[in-house]
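Hi,

Here is the structure I promised to pass on. Have a look at it first, and then read on for what turned up.

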Amino acid sequence: FFFQAEDGIRDYKVTGVQTCALPIYNLVVGVSKSGADLRIESGNLQIDQRFWLEALEKYGASASFDEVIKLVDPKRSNSLIVFTGLGDAEKITPETLRRAAGAAARSLFGSDSADFALPHKSAAELSAICEGALLGSYLFMDFFSKVANEKKQPLQKVNVVSRFTDTDLVKKIIKRTLVVAEQTAMVRNLINTPPSHLTPESFCKLVSELCKDLPIKAQTYKSDYLLKNGYGGIIGVGKGSANPPALLHLSYQPKTKAVKRFAYVGKGITFDTGGLALKPALGMEAMKSDMSGAAAVVAATIAIAKLNLPIAIDAWAPLAENMVSDNATRPSDVIKIYGGKTVEVLNPDAEGRLVLADALVKATEVAEKAGGLDGIVDVATLTGAQVVALGTRTSAVMTNNEDFSDLFLTATKISGEQFWPMPLPEELRASLDSPTADIANIGERMGGMLVAGLFLKEFVKPEIPWLHLDIAGPAYNEKNAHGYTPVGGTGIAVRSLITLAELAVSH
Ligand code: BES
Ligand code: MN
Ligand code: ZN
């Protein structure tokens, strides 16, 4: 992990005159637009407004999102002022600040440290600034032969300028930010790691290792166990690969009595070739991200444990590699999901729902033994149809319980992750009927995201509040970096899963 935050906030003198009292090398400030006028938004820190506004006008600054302008302070040639766009001055939200801080952090790769002076009145705004700065300071360097200097490294140190005097609150914000940024980086690393280096087995080992010093029990169900005990979905998808499948279970039990118990289930396909329904070569490389859901649920669980939230979490990651081989599942093969339902595999590229079905049934069984379940959330890069419907930056939420999805959508508004509710129309269910088995793994093509959701719904109990998050587009950024989002794995869903647990404490 390539970031570090100072454990405290540096004390600035607010002088009310032109420049700050302390030497600053990289100073990040905001610039917004009010009508035709630019406005400098440096929070509690005062800089020479008239001078810098004139410079920005000359430069042609627009204050739009992702516009970052770096200017040298003529009075101190070793000082760089970094102006980051905040958009409309009247519409600045925590997420605006998070993105602006992230964009500035990305523009500062190669620098050691920077001081962020951005406007904030609430804890949510301060928190967003801290988060954006750290989330933007990410680079995946594991596979370059020459490290460090070749690729410019992200910021090593982030200072945030604030006049918040409640040190307990500030400490809490810093702690949470560090946990969120560390776990987001973990998810991004797992996604970016090539499938040659991330197999179902190595995923389990790596994550179990991380849980050793935490109040989390990690258990790996290996391929032999899964075969003997009827996990036909995970086995059916994984049997075409030389890298055997696995089911990873993390269990976090809070020290104090748990207020609620959730199960988080994430799709963990370490590579999706499509199996015998082989995908076209063009773009197949992005399918190393098909374990984004699994990475998100384990990272969220680790974060929830590190934050000592009084919510019990069971995370389940059904892991497999969907490959082509003489042993791969054929179109028309019938498999039996854990618990007994049979599925006709008409398309081996619709594999995510098969591994998730096993895990959803198991998660329900285990939680019911432990005293019931207040909610089950699955997270998956499930369908290309999700990307068609909502694009690459908005994920979908489907549910059997409006109250639970409302709570989750509230969490997404706090976390700044874009999610949108989608329906599960009953009339599409019949398209999944199979003449040979209980259900087929594909149905009507139109509304494919919803059909996939309806398939999963067959494997959850109607009385248990359930959310299905399809993150196919937003999990992996194949375009340009923006805001605090890098190219490659994004870490989407982690922050909302953490926030959901936080909200559930008092809900
Ligand atoms: N992993 C893919 C979905 C996907 C597509 C994720 C694009 C990210 C970007 C999934 O396993 C898949 O192949 N789905 C098929 C389902 C179809 C065969 C019903 C799809 O969406 O084409
Ligand atoms: Mn597939
Ligand atoms: Zn897939």
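Which residues coordinate the zinc ion (ligand 3)? Lys-267 (NZ), Asp-272 (OD), Asp-290 (OD) and Glu-351 (OE) do, at 2.0 to 2.4 Å. Before you get too attached to those distances, bear in mind that this is a predicted model.

**The zinc site**

The site of the zinc ion (ligand 3) is octahedral, with angles of 78 to 172° among its six donor atoms. For comparison on paper, ideal angles for six octahedral donors are 90 or 180 degrees. If you want to find the zinc donors in the sequence, look for the spacing K-x4-D-x17-D-x60-E. Two of them, Asp-290 and Glu-351, link distant parts of the chain, 61 residues apart. Asp-290 is in the loop between strand 10 (268–272) and helix 8 (292–306), while Glu-351 is in the loop between strand 13 (342–345) and helix 9 (352–369). As for cover, Asp-290 has a relative accessible area of 2%, so it is buried. Glu-351 counts as buried too, because its relative accessibility is 1%, and the cut-off for buried is under 20%.

**The manganese site next door**

The manganese ion (ligand 2) is 3.2 Å from the zinc ion (ligand 3), and Asp-272 bridges the two. What are the protein donors of the manganese ion (ligand 2)? They are Asp-272 (OD), Asp-349 (O), Asp-349 (OD) and Glu-351 (OE), lying 2.0 to 2.2 Å from the metal. Note that Asp-349 appears there with both an O and an OD atom. Along the chain, the manganese donors follow the spacing D-x76-D-x1-E.

Why is the arrangement around the manganese ion (ligand 2) irregular? Its six donor atoms subtend angles of 69 to 167°, and six donors count as octahedral only if opposite ones are over 155 degrees apart and all others between 65 and 115. The angles make the manganese arrangement irregular because of that rule. Asp-349 has a relative accessible area of 21%, so this residue is partly exposed.

**Ligand 1**

Ligand 1 has 15 residues around it, and Lys-279, Asp-290, Asp-349, Glu-351 and Gly-384 come nearest. Asp-290 is also one of the zinc donors, and Asp-349 and Glu-351 are among the manganese donors. By type, the shell of ligand 1 divides into seven charged, four polar and four nonpolar residues.

Here are the polar contacts worth clicking on:

- Asp-272 has a polar side-chain atom 2.9 Å from an oxygen atom of ligand 1.
- Lys-267 has a side-chain N or O atom 3.1 Å from an oxygen atom of ligand 1.
- Thr-381 has a polar backbone atom 3.4 Å from a nitrogen atom of ligand 1.

On its own, ligand 1 exposes 520 Å², and the protein buries 75% of that.

**Elsewhere in the chain**

A few other spots are worth a look. Helix 12 (residues 448–457) is mostly covered, with nine of its ten residues buried. Among them are Met-449, Leu-450, Val-451, Leu-454 and Phe-455.

Thr-364 is in helix 9 and counts as buried, at 5% relative accessibility. A polar atom of the Thr-364 side chain lies 2.7 Å from the backbone oxygen of Leu-360.

Which residue is 354 residues from Ile-129 in sequence? That is Gly-483, and the two are 12 Å apart in space, C-alpha to C-alpha. Gly-483 has its place in the loop between strand 19 (476–477) and strand 20 (488–489), and counts as buried at 2% relative accessibility.

Finally, a couple of backbone angles. Most residues other than glycine have a negative phi. Ala-63 has a positive phi, near 65°, and so does Ala-493, with a value near 90°. Ala-63 is found in the loop between helix 1 (49–59) and strand 3 (68–72), and Ala-493 in the loop between strand 20 and helix 13 (494–505). Ala-63 is buried, with a relative accessible area of 0%. Ala-493 also counts as buried, at 0% relative accessibility.

Best wishes

Definitions and conventions
Residues are numbered from 1 along each chain as its sequence is written. Chains are lettered from A and ligands numbered from 1 in the order in which they are written. This is a predicted model: local features need pLDDT of at least 70, side-chain atom pairs count only at pLDDT 80 or more; totals for chains, interfaces and linings use all residues. Side-chain values use heavy atoms; hydrogens and water are left out. A residue is near a molecule or strand if one of its heavy atoms lies within 4 Å of it. A polar contact is a pair of N or O atoms within 3.5 Å; within protein, one must be able to donate a hydrogen and the other to accept it, and residues adjacent in sequence count only if both atoms are side-chain atoms. Accessible areas come from the Shrake-Rupley method with a 1.4 Å probe; for residues, only the protein chains shown count as cover. Ala, Val, Leu, Ile, Met, Phe, Trp, Tyr, Cys and Pro count as nonpolar, Asp, Glu, Lys and Arg as charged, and the others, Gly among them, as polar. Donors are N, O and S atoms within 2.8 Å of the metal (3.2 Å for Na, K and Ca); water is not among the atoms, so sites may look incomplete. Four donors count as tetrahedral if all angles lie between 85 and 135 degrees; four count as square planar and six as octahedral if opposite donors are over 155 degrees apart and all others between 65 and 115; anything else is irregular. Buried means under 20% relative accessible area, exposed over 50%, partly exposed in between (1.4 Å probe, protein chains only). Helices (H or I, at least four residues) and strands (E, at least two) are DSSP runs, numbered from the N terminus.
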